[in-house]
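Work through the exercises below with the sequence and the model at hand. Each task is followed by a solution in steps.

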Amino acid sequence: QVQLVESGGGLVQAGGSLRLSCAASGRTFINYVMGWFRQTPGNEREFVAAVSWSGTSTSYADSVKGRFTISRDNAKNTVYLQMNSLTPEDTAVYYCAADRRWGLKADFGSWGQGTQVTVSS
């Protein structure tokens, strides 16, 4: 499995922006589709975005389309989630995930420990 470590979470006011980063190690990064998920207490983890192995294809949940951007830097073994126009509904623990398969919106094989994002109104 690939090891994943998220960073960049924090507290931001509604309308603000944050950029999450996820550093990968342990396996060949370009072999993995990378994704971001989020979870709030009492709810299942939900898909946010995914980026293909080379970064040429992306997929987003409808709730974040036009506001969030996923990208990757294969030279740095890092995936990013740029989050703009944040609302309190975006408050969650955000998880980075990796899997060799494209098209998944759950059941990724490797997960980070999560980073808290809190959006105040």
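**Exercise 1: a first charged pair**

E46 and R38 are joined by a salt bridge, with 2.6 Å between the closest N and O atoms. The model is a predicted one. Task: decide for E46 and for R38 whether the residue is buried, partly exposed or exposed.

Solution.
- Step 1. The cut-offs are needed: buried is under 20% relative accessible area, exposed is over 50%, and partly exposed lies in between.
- Step 2. E46 has a relative accessible area of 34%, so E46 is partly exposed.
- Step 3. R38 has a relative accessible area of 6%, so R38 is buried.

**Exercise 2: a pair across the chain**

Task: find the salt bridge between D90 and R67, place both residues in the chain, and state whether each is buried or exposed.

Solution.
- Step 1. The side chains of D90 and R67 form a salt bridge with an N to O distance of 2.8 Å.
- Step 2. D90 sits in the loop between β8 (78-83) and β9 (92-99), while R67 sits in the loop between β6 (58-60) and β7 (68-73). The two residues are 23 residues apart, and the pair links distant parts of the chain.
- Step 3. D90 has a relative accessible area of 1% and is buried. R67, at 18% relative accessibility, also counts as buried because the cut-off is under 20%.

**Exercise 3: a third pair and the network**

Task: classify D99 and R101 by accessibility, then say which residues are joined into one network by salt bridges that share partners.

Solution.
- Step 1. A salt bridge connects the side chains of D99 and R101, at 2.9 Å from N to O.
- Step 2. D99 is buried at 6% relative accessible area, whereas R101 is partly exposed at 46%.
- Step 3. R38, E46, R67 and D90 are joined into one network by salt bridges that share partners.
- Step 4. The structure holds five salt bridges; among them are E46 with R38, D90 with R67, and D99 with R101.

**Exercise 4: a loop residue**

Task: where is A14, and which residues does A14 contact, leaving aside neighbours within four places in sequence?

Solution.
- Step 1. A14 lies in the loop between β2 (10-13) and β3 (18-25).
- Step 2. Its relative accessible area of 43% makes A14 partly exposed.
- Step 3. With neighbours within four places in sequence left aside, A14 is in contact with L86, P88, V119, S120 and S121.
- Step 4. From A14 to S71 the C-alpha to C-alpha distance is 23 Å, and the two are 57 residues apart in sequence.

Methods:
Residues numbered from 1 in each chain as written. Predicted model: local features only at pLDDT ≥ 70, side-chain atom pairs only at ≥ 80, totals over all residues. Heavy atoms only, no water. Salt bridge = Lys/Arg side-chain N within 4 Å of Asp/Glu carboxyl O. Buried < 20%, exposed > 50% of the residue type's maximum accessible area, 1.4 Å probe, protein only. Helix = DSSP H or I, 4+ residues; strand = E, 2+ residues; numbered from the N terminus. Contact = heavy atoms within 4.5 Å.
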